Each structure stands twice: as C-alpha cells, then as structure tokens.
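Hello,

Here is the structure I promised to pass on to you. Have a look at it first, and then read my notes below.

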Amino acid sequence: MNIRIRSRVLFALNFLLIGSMFSPFVKADTLAMSQERVNSVRQELAANVQHFAFVSYDLVLRTTKNKAENTAITVKEQKVVERIEQSYLAEISHIRSLLYAETPSIEQAVKRFGDYVFLVCREFGLKNKYFMNFPAKIDSSDVVENQLAVIKQAVGALEVYFDSIKPVAPLTVRIKNKLFYNFVSTKLAPKVLRIAVGPVLACIWAVRNAKLYDEAIHQHPHKNIFKNYVAVEHDKEQDVVNEPSIIGKMLGMKSERTRINSCRTAYYSDHVCNGDQSSMMQHGFQGYNHNLEQCTVEWAKKCSSDKACAKCYSCNGHHSPETIVKNIVWAARPLVLFPVFNALSQAVEEAQLPEYERRIKEKEKAEQEKRVQQEMRRMKVNYEKTIGFNQIKGQRDLIDREMKMLVDYLSNPLRYNNSASGTRSILMYGPPGTGKTLMARAIAKESGAPFIEITADDIMSDDSKEKVLAAIRMAEGVAAKRPEKSAIIYIDEIDAVTGNRQNGALDPQRAKALSNLLTIFDGIEKRNPFVHIVIIITTNHYKNLDPALLRPGRIDRKILITQPNAAGREEFFEMLLPEEHKGYMNWLVQETAGYSGAQIVNIVDTAKMIASYNNRSMPDEHDYKAALQNSKVEQEEIPEAAKIH
C-alpha cells in the first residue's frame with residue numbers, strides 16, 4: 001500500500017514538473033528568465049522598429065525630393081505618405097521611451113507598435129504572406145515571440161509597399177523637360193533667334209517695303225525721300241516754290257518762288273514730264289524733255305497709268321527736316337526687329353538658365369556617382385573577429401568610460417534620440433603606440449558592426465572625394481542590411497594627409513584633400529538619421545589638424561588616449577611576464593612611467609632577444625634593465641607633458 005501511494009505521489013510531482021516546463025505563462029519561469037528574455041525581446045522589437053523607421057524616412061525623403069522635381073504620385077499614395085509622415089516619428093519616440101525606461105514596459109511596447117503597424121497595413125489594404133488581412137490589434141494572449149514574428153511580417157509588407165511608390169512626372173512636365181532646359185533650347189536657340197531669325201524677318205520686311213515703295217512709284221513716278229514733287233498741268237506755266245536744303249537753310253538761303261513751264265525746262269533733272277511721250281525717258285542728268293535721243297522703253301512700266309496720259313511733276317525743293325526724318329524712319333522700320341529679337345533671345349536664355357545649370361550639376365553628380373560605384377566595387381568590408389576589449393591592456397578606465405558607450409550606440413541605436421543624423425564622428429588622439437587603432441578594431445568586434453577602412457592614399461589621390469563617398473555609401477549599404485543599421489568607417493593618421501592652414505599655406509594636394517573631407521562631413525547631416533555610422537579618426541598630432549575639421553558638427557567627440565598609468569602598466573606586465581618573473585613587476589612599473597603600451601611590449605621582447613643571444617631560455621633582471629636602457633633614447637623624445645605617472 002505504501003509503495004502504491006509513493007508511486008502515485010511521484011507521478012503527480014513529475015506531471016506538475018513537466019507541465020511547468022511547457023507552460024510559458026508560469027510566473028516562476030518568467031521570473032527566472034526575465035532578464036534574458038527582456039533583453040532578447042527588446043533587441044528583436046528594436047530591430048523591427050529601427051527597420052520601419054528606416055523605410056519610412058526613405059519614403060518621406062523620396063517623395064519630398066520628387067515634389068521639388070515636379071513629379072507626382074497618385075492621390076492614394078499621397079495619403080499614404082501623409083499618414084506615415086504625420087505619425088511615424090511620434091510612434092517611434094514613444095516606443096523608445098517604453099523600451100529604454102528605467103523600468104522597461106516590453107509588453108506594452110510590443111502591443112503599441114503591433115497595433116500601429118497593423119492599423120497602417122489595414123488602412124493601406126496590405127495582406128500577410130497567407131494573403132489574409134492583418135489583425136486589427138495584437139493578440140496579447142499569444143507568446144511575445146509569436147507577436148514579434150507577426151509584427152516582422154507587417155513591417156516587411158510595408159517595406160515592399162513603400163518601395164512600390166514611385167513618383168512619375170506629368171505628361172506636360174515630361175514634354176517640357178524633353179523640349180526645354182537642354183543645350184539646344186538654352187544655348188543654341190537664343191543664338192539662332194539673335195543671329196538668324198531676326199535678320200531674316202528684317203530682310204523680308206524690307207523687301208516687302210521695297211515692293212510697296214515700287215507700287216507707290218507707279219502712282220508717283222518720281223517719289224523721293226528728300227525732295228518734294230507735286231503734280232502739275234502739262235505744258236503750262238505755274239508757280240514753283242524752290243525750298244532750299246537743310247544745309248542751305250543753315251547757310252541762310254530762303255525759298256524762291258518762280259513761274260515756269262516745267263515741261264519745257266530742258267536739262268533740269270528735278271522736273272519730270274511724261275506728256276505724250278510716256279513710253280520714253282531720257283536717262284541721265286539732262287532731265288526729262290521731249291527730245292527723243294537716248295530714250296528707253298523701260299520707263300513705260302513706271303508711268304502713272306497704262307494710258308499715255310499727259311501727267312507731269314514739278315520739284316518744289318526739299319522736304320522739311322521733320323518730313324525727311326519721318327520718311328527715313330518709315331524706310332528703316334525693319335531695323336526694329338534686331339533689338340526685339342536680341343531681347344527675346346536673352347529672355348529665353350535667362351528663363352531656362354537656372355534649370356539648365358541645375359541639370360548640368362545633376363549630370364556631373366551622375367558622372368560622379370558612376371565613379372563612386374566603381375570605387376565601391378573595389379572596397380572591402382571587414383568584420384573584426386580577433387581583437388576585443390579583453391586584448392587591450394592598460395586602458396580599462398577609458399574602455400569603461402567611453403568605448404562601451406560607442407559599442408552600445410552601435411548595438412542598440414534605437415536607445416539614442418537622433419534628430420539630425422545617425423552618423424557620429426569620433427577623433428581619437430594621443431601619442432604613438434597607445435592603442436588607438438586597436439581600440440577602433442575592438443569597438444568593431446564588440447559591436448559586431450562592419451568595418452571599412454580609408455587609407456591615406458585614398459584621401460591623397462586625385463579622386464579622393466569619390467573614394468571617401470564610396471566608403472560612406474558602402475557603410476550605409478551594409479548597415480541597412482543589418483538589424484541594428486550600424487557600421488564603422490576608420491580613417492587612420494588623418495594629420496598626415498590634411499594639415500593645418502594656420503601653420504602656413506598647404507600644398508594643392510593637401511588643400512584639395514582637406515576641402516573634400518570638409519564637404520563630405522557637412523553632407524553627412526543630410527543622410528538618413530536611422531542609419532548609424534560611426535566614423536573613427538585617429539591622429540598622433542592633434543595640433544596639426546585644421547580647426548575647420550575639429551569644429552562641432554564635423555567632429556562630434558574628441559577622446560584623448562594617453563600612456564597607461566601605473567595600474568595600466570601593471571596590467572601589461574601581468575600579461576607579458578612569466579610567473580617566475582612577477583617579482584620584477586614593481587620596479588618595471590616604476591621605471592616605465594610615461595611609456596606607451598607598444599613601448600612596454602617592445603621592452604619585454606627586447607629582453608627576450610638579449611636572453612636568447614646569451615644562450616638563456618628566459619630573460620633575467622639584467623636583460624630587462626638592458627632593454628630599458630635601450631628604450632631611453634626614444635623615451636626622451638616624448639614631451640614631459642604627455643607622460644602620465
């Protein structure tokens with residue numbers, strides 16, 4: 001009986017134990033796994049929120065840019081953009097406050113973000129992978145991991161939908177862009193208007209005026225701009241007023257009135273007589289009379305009528321100056337077309353010139369983009385896997401105070417509120433051998449971020465701007481594929497390629513490299529704030545850097561990496577010295593005050609070389625002293641102010 005009861009009790013206990021293992025809602029299990037589970041869920045949710053923020057910002061930026069370029073999207077797509085633009089930043093800010101508060105509300109953050117993305121998906125009519133509508137709200141009764149999986153599907157559906165929104169320019173804008181704002185319409189067409197069209201139209205007008213003048217001659221055989229002819233009765237005397245010319249009037253001559261028979265005035269060219277000889281004309285300076293010598297039949301075409309009428313003209317002297325000016329202006333009307341078409345061509349060119357210059361700049365940017373793409377294909381993305389913070393000795397305080405925060409920024413970027421740009425630039429400066437390069441690589445390993453290095457040759461080359469832009473573009477590309485949306489760009493020994501303009505004029509190559517770097521750092525602020533790029537720059541000579549490069553906005557933080565202090569040097573010797581030589585540690589730490597980590601490693605290596613030269617397997621105290629003595633010359637060159645005791 002006791003055995004049967006005992007077996008039943010054991011069965012019940014086993015049943016309860018197995019049930020507690022499979023139940024995710026047991027309070028004891030939740031408490032036991034709370035911290036690990038909170039970190040895992042927070043990291044997964046932060047990755048989804050970060051990705052949603054990235055694609056939302058890209059959508060808003062793309063459509064805003066297209067508005068400036070006179071392109072358009074459909075009314076439905078415009079509502080989508082307005083909906084996202086008005087709400088996504090506020091939602092992300094609220095979820096960030098829930099995730100990274102002093103007491104995180106993970107379940108509440110999951111529920112809020114899930115409800116938001118589900119609501120947006122249902123408003124836009126998006127389906128899940130089973131071609132079904134997303135739920136109206138998150139299912140709080142389900143496990144958090146399943147909720148996150150559904151949220152990830154919704155974010156993926158939104159990303160695909162956002163990418164499909166591609167603004168298209170209206171037909172009128174496309175035709176205008178095709179016909180105008182190019183070299184033909186902006187540069188060639190105004191010159192054609194000025195040089196060809198205006199003169200041609202002026203010639204056509206002048207020919208037309210000449211034809212009209214010829215027709216007037218049919219009505220008035222001796223029409224003249226300067227002299228005045230009046231019709232008189234044939235072969236009769238009449239009063240003739242002879243007006244002097246302008247020069248004659250200036251000389252004091254006055255008009256004369258005479259009574260003559262114009263038709264019988266021989267050898268006077270100012271009088272015209274058709275008479276009954278209308279088909280003949282004496283050509284020359286003897287005038288027109290009845291003499292039949294040296295006549296031509298061509299005058300018949302210029303008679304006042306087809307009949308041989310007796311119609312004669314008498315010259316009454318010169319026109320008045322006002323009449324002469326009017327006649328000249330009337331004859332010179334076609335010349336007005338020259339300034340008119342000159343002004344028209346200038347207006348056409350000025351109206352298109354800003355857009356034409358903008359397109360030229362866009363073409364130059366497109367050509368530069370091709371070069372950037374070529375440089376990107378040559379670049380290599382590194383993933384540091386060997387050097388971590390544990391391998392760096394002597395800088396424990398700096399690692400805890402500064403470097404771990406950078407690692408957290410790269411690993412959990414959603415924690416940090418980036419209102420302008422997700423890119424941060426860090427300058428590490430200090431004496432040589434203090435571990436600046438190792439520190440940059442350790443940050444890459446601890447954060448898991450991709451590592452892209454820019455060398456001095458890249459910055460000093462002729463296409464330095466394209467190479468630096470290619471590195472930034474490459475970093476953005478690899479960062480966009482990571483859940484954390486982060487990457488690292490490393491520029492070593494920047495003082496060797498830029499210099500300081502306050503120390504004197506730079507050579508053209510250094511000046512160009514500095515100008516390109518300043519331009520690129522200024523453009524970083526315009527990039528996606530949800531792509532987190534850390535640019536780490538190192539230098540041994542802080543004073544050799546140009547102040548324009550060091551100002552806030554280009555260099556966000558400046559970190560001094562000095563020689564290790566006594567505790568740091570002790571950490572070095574603890575790692576380098578064998579166990580039987582730990583007795584030398586105290587005096588070695590005292591003797592190496594102001595030494596860098598690289599120098600300490602060199603002292604130990606030199607002592608080992610001296611011991612091997614003297615056929616000893618291990619160095620002794622004399623070997624370490626000899627190695628210290630060899631390093632004194634180099635140590636004397638380090639300024640006393642840079643030494644830390």
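To begin, in which helix is the place of I175? Look at residues 171–179: that stretch is helix α7, and I175 sits in it. Please keep in mind that this is a predicted model.

Is I175 buried or partly exposed? With a relative accessibility of 42%, I175 counts as partly exposed, because that label covers values between 20% and 50%. I175 also belongs to a nonpolar surface patch of about 390 Å², which it makes together with L171, L179 and F180.

Now for the sheet. A general point helps here: strands of a sheet pair through backbone hydrogen bonds, either parallel or antiparallel. In this model, five strands form an open sheet with parallel pairing, and their order is β9-β10-β11-β8-β12. The edges are taken by β9 (451–454) and β12 (557–560); each has a single partner strand, so one side of each is left without a neighbour in the sheet. On average, neighbouring strands of this sheet are turned by 20 degrees against each other, direction ignored.

Inside the sheet, you can follow one pairing in detail. Strand β8 (residues 424–429) runs parallel to strand β11 (residues 532–539), and six bridges join the two. For R424, the bridge partner in β11 is V534.

Two helices are worth finding as well. Helix α15 (residues 464–480) packs on the sheet and touches β9, β10 and β11, with its direction at about 155 degrees to that of β10. Helix α12 (residues 396–411) lies across β8, β10, β11 and β12, and runs at about 145 degrees to β12.

Enjoy exploring!

Best wishes

How values were computed
Residues are numbered from 1 along each chain as its sequence is written. This is a predicted model: local features need pLDDT of at least 70, side-chain atom pairs count only at pLDDT 80 or more; totals for chains, interfaces and linings use all residues. Side-chain values use heavy atoms; hydrogens and water are left out. Two strands pair if DSSP finds at least two bridges between them. Helices (H or I, at least four residues) and strands (E, at least two) are DSSP runs, numbered from the N terminus. Axes are lines fitted to C-alpha atoms, for helices over the stretch in contact, and angles run from 0 to 180 degrees between N-to-C directions. Contact means heavy atoms within 4.5 Å. Patches are made of residues with over 30% relative accessible area and no salt bridge: like charges are joined within 9 Å, nonpolar side chains (Val, Leu, Ile, Met, Phe, Trp, Tyr) within 5 Å. Accessible areas come from the Shrake-Rupley method with a 1.4 Å probe; for residues, only the protein chains shown count as cover. A salt bridge is a side-chain nitrogen of Lys or Arg within 4 Å of a carboxyl oxygen of Asp or Glu. Buried means under 20% relative accessible area, exposed over 50%, partly exposed in between (1.4 Å probe, protein chains only).
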